[in-house]
Amino acid sequence: MASMPSTIHSPLILGDKNPSDVTNDICASVERGPSLSWWVAISISSSMLLLGLISVAYQIMTGIGTWGLNNTVGWAFDITNFVFWVGIGHAGTLISAVLFLFRQKWRTSVNRAAEAMTIIAVMCAGIFPLIHMGRPWLAHWMAPYPNTRGPLWINFRSPLVWDFFAISTYFTISFVFWYVGMIPDLATLRDRLKAGWRKTTAGFLSLGWNGSFRTWLHYETVYLLLAGLATPLVLSVHTIVSWDFATSVIPGWHTTLLPPYFVAGAIFSGMSMVLTLMLIARKTMRLEDYITEQHVGAMCKMLIATGGMVAMAYLTEFVTALYSNSPYEQFAFMNRAFGPFSWAYWIMVGCNILSPQILWFKRARSNMLVVFVVTIFINIGMWFERFVIIVTSLHRDYLPSNWTGYSPTWIEIATLVGSFGLFLTLFLMFCRFIPVIAMAEVKGVLSHGRKNQ
Amino acid sequence: MSDNSSKEYWKSLERRSDGVRPLPVAGDEFASVPDAPGGERKGVELRRRDFLAAAGFVLGSATLSGCARAPVEKAIPYLVAPETIVPGRATYYASTCGACSAGCGMVVKNRDGRAIKVEGNAEHPVSHGGLCAVGQASVLGLYDSHRLEHPLQDGQEATWEVVDSEVTHRFDAMRKSGAAVRLLTGTVTSPTKRRVIQAFLKSFPNAKHIEYAMLSTSAICGAHRKTHGQSVVPRYSFDKAAVIVGFDADFLGTWLSPVAFTAGWSKGRRADVDTKNFSYHAQFESRLTVTGGKADRRVAIAPAQLGSVMNRLASLLATRAGVAFGATGDDTDVHAPVIEGLAARLWHARGKSLVVCGSQDVATQIVCNFINHMLGNYGATLDIARPFAEGEASDTGAQELLRELQSGSVDALIIDNVDPVYDLPNGAEFEAAIKQAGLVVSVADRINDTSKLATYVCPDHHYLESWGDVTLGGGFVGFQQPVMRALFDTRSVLESLSIWSASGSHKSDQALVRETWGDQVAWNMAIHDGFARISELRVASATFRNAAVKPIVDAGRPSGQELALVLYPKVAMRDGRHASNPWLHEMPDPITKVVWDNYASIAEDTAGKLGIETGDVVRVTLADGKSPAIELPALVQPAQHDQVVAIALGYGHPESARFKQVGPAWLEGKPTLGDNGLVGTNAAKLLTYRDGTLRLSGEHVSIAKTNRTHSLACTQDYHNIEIPASLVLPGMDRRRPMIQETTLAAYERDGTLPSHGYDAHHKDLGDLWPDDHKYEGYHWGMAIDLTTCTGCSACVVSCQVENNVPVVGRDEVARKRIMHWLRIDRYYSDSEGTTDILHQPVMCQHCDNAPCETVCPVLATAHSEEGLNMQTYNRCVGTRYCANNCPYKVRRFNWFDYAHEDTLANMALNPDITVRTRGVMEKCSLCVQRIEEARIEAKKQGIPIADGDIKTACQQSCPAGSIVFGDMNDPKSAVSKLIKSGRHYRMLEETNVKPSVGYLGLVRNRDENEDPTHHG
């Protein structure tokens, strides 16, 4: 592959597969029984989930006081986790919709898993706004619906309401997009599975797909339209999430930089998480031919690009603060970098700015272990980015008399672990029951049967 | 059925192969026993109708029993309703506060038969409308579940009849036998009580009344006995003093009558009214007090230096007055120039100055009297003709009683609401000795260390349930009246003594009080007002006896590693008699901001030398080794003299063991109580007797670090007016302009506050939005004068009582989750080697552009047409976004369900205010319930709300009158006038949140060049 002049001419799928090989390879993980490693993985992840469920139940029974928050720091792990997971949920739509519109064919190997990851991550994210409420049993009050509470309505000026719409819209569109893209593969499954509930379900979900020209025509049209619909969401969701902070008066939050900063950060973190998961899946599910070094390399380049944007944002924040002539703003950033939470800041800088720099080297990009370690660093760094933005801005704001610290309780840590448990459990279920690679799309980019290849 | 046909019908092969077996008859599926021949039914049977009937019965009875209500409580309406009692409408009674002996006037709010709030009486001649934190909190003492509900005999419930007959019988026998009867009380400030006690004891051939107090005034009385021949505490008039000098007298915080003194002191410090007559206040003190923090000149001195400083001042004044004084004081003292300057100022202000001293040493107090005498202050700012109090000139009475008890010569001991086992240094000896007495009768309202030793406990009323009177000084007497029916089967001590007296006449406490005053006061008017003027001079005026004056003999200075011990009453806890009151335990100390603990305060330098940090448990041992050491956490305190270790009294009270359950119980929750199972440590063991008085300060102690730690719960960290030096960009102002201050000289010249770096770049560029939210009716606002605010925290407790603010316990405070709606921010600043303290009360600022309002997703917080920022508790879902977005961080979140399980204590809840549930946000409402009450009243009368009709709870309680609330749309209102003042500013004005609460900058009587430098 190294001799190839450019990726345009290099095969995306290795091993000289024909369409039948693709079907067999990819359906294999769905059709054969779960492996021992899958059982081990799901026992660990579901234990984490259980721990999270217990801690959430305890917290809802006892009160938000079981978290380490205080009168000054009203959000910490809860909203950090929320923004982190929403960020993770960015890669799917980006890979599926934006790269689809840009005709990036390499996306076909990763889009299915990336979209699944998006949906699961948004589900993880959605939990936090719910449980962070003092009275989560009244969460439905956030929704505008006809009610018996007189003229009382929600506050459309509140970024939390915008958030509610942004996240639910994003989830809906992502889910529909993911499902529509899966229909041809579900039909394949339907045709291959033995009679039983799985076949019936696949049959039901494939909506009577018959592989005719008309079916394909409709499918392609809908897919293109959905991709067009989903593309603006990539920008809107994290923009709106960033408004939770940007529209406030708190130094460190109140800045117009936040929307592009958050979007870049979200794509960065999402890409990184896709890579983390795909590198594991590639190894454990024997998909090296489908997810090749070329795919990994392409995503690494996106990491460098988005990581650069994030670095730019970090720098811009400081320049803006310096230029603002607002002593509060200037202090907020000095405090961020050199105050009591400076360790979190430098973890963030180290993980998000320094660690991806190694990916400039092709040798690093082709070493899966190096890439894996870098993505883990980025995942950690991006979690800390949100922690830094939320906690360091809040804990020392305007009045020095209010300045406090923050340290998480075990309940908060267990809830974070639980959200990873949910994420991994659902992802493992996805790997088990749904073809992890979009077979129909991969078949379109095979070299098989092409002339001169 | 099978007989009916020869044909076989089958449905399946299985069935056919089984042979013919009939299916059960469909119509008889409920039949448990087949029908017997002849149609007779046997055994248990159930027909459809029966089943339905039974089911109906069961359903009906279950429903009916489920509908049963709780036991019926009969509420019988008045046939003829009393005119004054309207359900839901409060009635107010004037009374006198009984929480300490100062005798502040108060108005008690009674709702539906129960007292729910006490407030200052604005017309009162002593307190002038304020009421301190302790007074505010004392209403909860009424609903204290530890109060005895009936008399006790040998620890068992008894009736008054039985107790009275036995006690009377035994007293009668003692009258005949000439047995020794001793009555031990606290300081008696009530003329009626004194009269009743005298009448009672007169009937015994061998009887004696012993008074003692942990915080006694005996040295002042002793000094005046020597200089004026009168054993009195003068009435001090701080309002008439142009120069005030305090020597270890925390008169704005805890000394004698802080509310009255704060009112007087603040009158001389109204910077907007009169800059010419702005008083000058110098304070010499060993530990940092609220008084010293407010002084124009504060000098930290060791207790041992007090004598030489006062000698120096006295000699300088004596030279000017041409009077002989035996000493010159130490003129090499570093403070000599300060004292010289002060002497000049005092001499200039002869007859308009006041020197007060808090020492327990009679010789020191005599020099203080001498200074005041030379300055001509007697008759001007000090009144001994109509004194504040009369008292014992010695503290040794209790010790003499102890010796009598130990010798077994006391036959009967009556103890009136004092607890010597707790609050005297040799309490344990008392405990053993009291058991020697033949008969011990206690009138304590609860079982405490002392009353548990009594044969009979005859519980006294709470002061809000009884009649009484208090000498106020200045020719006034205050009256107490019961504001509600006694909750329990208790009885006023006056009544008890009257019943046990020789005549056996049963007079009510009301009759006894009335009897004392007879025609001297117009009774109905006196009860209506809560006080009355009495014409006679209580003590004949006396001439000053120069012969009594001798220079103070310098006490020895601590040697080597030893420090001087200063025991002091804390602003909230005083002598510990209110140790069962959670509001006072959770009131942050005005200086240290620590709650739920006492501690050994050590100066920064000393702590550094000893390697002690805040939270280290230290062992404090008296150098003479007379009493056992106590162990308690250390606190490093700026501005304290470095040879001093200061410890608050009143802690480690056995009563505080009840707070085990305070605060939420959860996985990581920590207890409110310390390792000793109590709140704090009892420092009374370290009190000492010297020259006949009980000494709070001056003993030498050694201090040693143990390897234990005990974290102190503090609402605010130290060193934080300024941002840390390491986080400063060049050219950035380290000091944030939260508190703006100036000197009197600069203010007189400029009429404004100095400008600060934070507003330089913020110009009012107007709003992006049209100004379509005009306040056309009222526009409520508040102005707080930082010049007169002492940080005494009366407002904090008043707000807590008024607004049902929960107590959260030590751990929650340590987690910075205190619920107080009103907090007092404390900052330190340095000025020419002395340290000032700056206090700033901060509540919701009711911003016109409120950042909290826009971010709430469910509109739980909204703006009223009158500028109030309103919080709707039952709409709040608890996202906490509003609190995050509040630049002042005044919003309080209900992290847990805070306990309201003490049903008795719940009687003190204000029924006008919702008790908030877990998970909702709350905050200051500017007492919207009071605004509405005034609005309804005004509406009924068809007039607008007049300025001053509404007083918020914090404003009402403020002894200094620093808080003013009113309509900012009315140019004539008091608040509007203050807003126009040159000192007025609003916090964070540059953020354009437009707060409705503003502050009046702090002015100190200093020269312009004494510009304070603020430190971190």
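These are my notes on one helix and one strand of chain B, looked up in a predicted model.

**Helix 5, chain B**

I checked the length of helix 5 (residues 160–177) of chain B to begin with. At 1.5 Å a residue, its 18 residues should span 26 Å, and the end C-alpha atoms sit 25 Å apart, so the two agree.

Next I asked which residues of the helix are buried. I got B:Val163, B:Asp164, B:Val167, B:Phe171 and B:Met174. Looking down the axis of helix 5 of chain B, I find these buried residues within an arc of 100°, so they line one face of the helix. The spacing fits the textbook: an α-helix has 3.6 residues a turn, so residues three or four places apart point the same way.

On the other side of the helix I noted exposed residues: B:Glu161, B:Val162, B:Ser165, B:His169, B:Lys176 and B:Ser177.

What does the buried set pack against? I found several elements of chain B, including strand 6 (180–185), strand 16 (412–416), strand 17 (439–442) and helix 16 (493–500).

After the helix comes B:Gly178, and I noted its positive phi, near 75°.

**Strand 42, chain B**

I moved on to strand 42 (residues 997–1000) of chain B. B:Val997 and B:Tyr999 point one way, B:Gly998 and B:Leu1000 the other, and all are buried. That alternation is what I'd look for, as side chains in a regular strand alternate between the two faces of the sheet.

For its partners, I found strand 33 (residues 780–785) of chain B pairing parallel with strand 42 over four bridges; B:Met782 stands opposite B:Val997. Strand 41 (residues 984–985) of chain B runs antiparallel to strand 42, joined by two bridges, and here B:His984 partners B:Leu1000.

Conventions. Residues are numbered from 1 along each chain as its sequence is written. Chains are lettered from A and ligands numbered from 1 in the order in which they are written. This is a predicted model: local features need pLDDT of at least 70, side-chain atom pairs count only at pLDDT 80 or more; totals for chains, interfaces and linings use all residues. The expected span of a helix is 1.5 Å times one less than its number of residues. A residue is buried if 20 or more other C-beta atoms lie within 10 Å of its own, exposed if 12 or fewer, and partly exposed in between; C-beta atoms are placed from the backbone. The arc is that of the directions from the helix axis to the C-beta atoms. Two residues are in contact if their C-beta atoms, placed from the backbone, lie within 7 Å. Two strands pair if DSSP finds at least two bridges between them.
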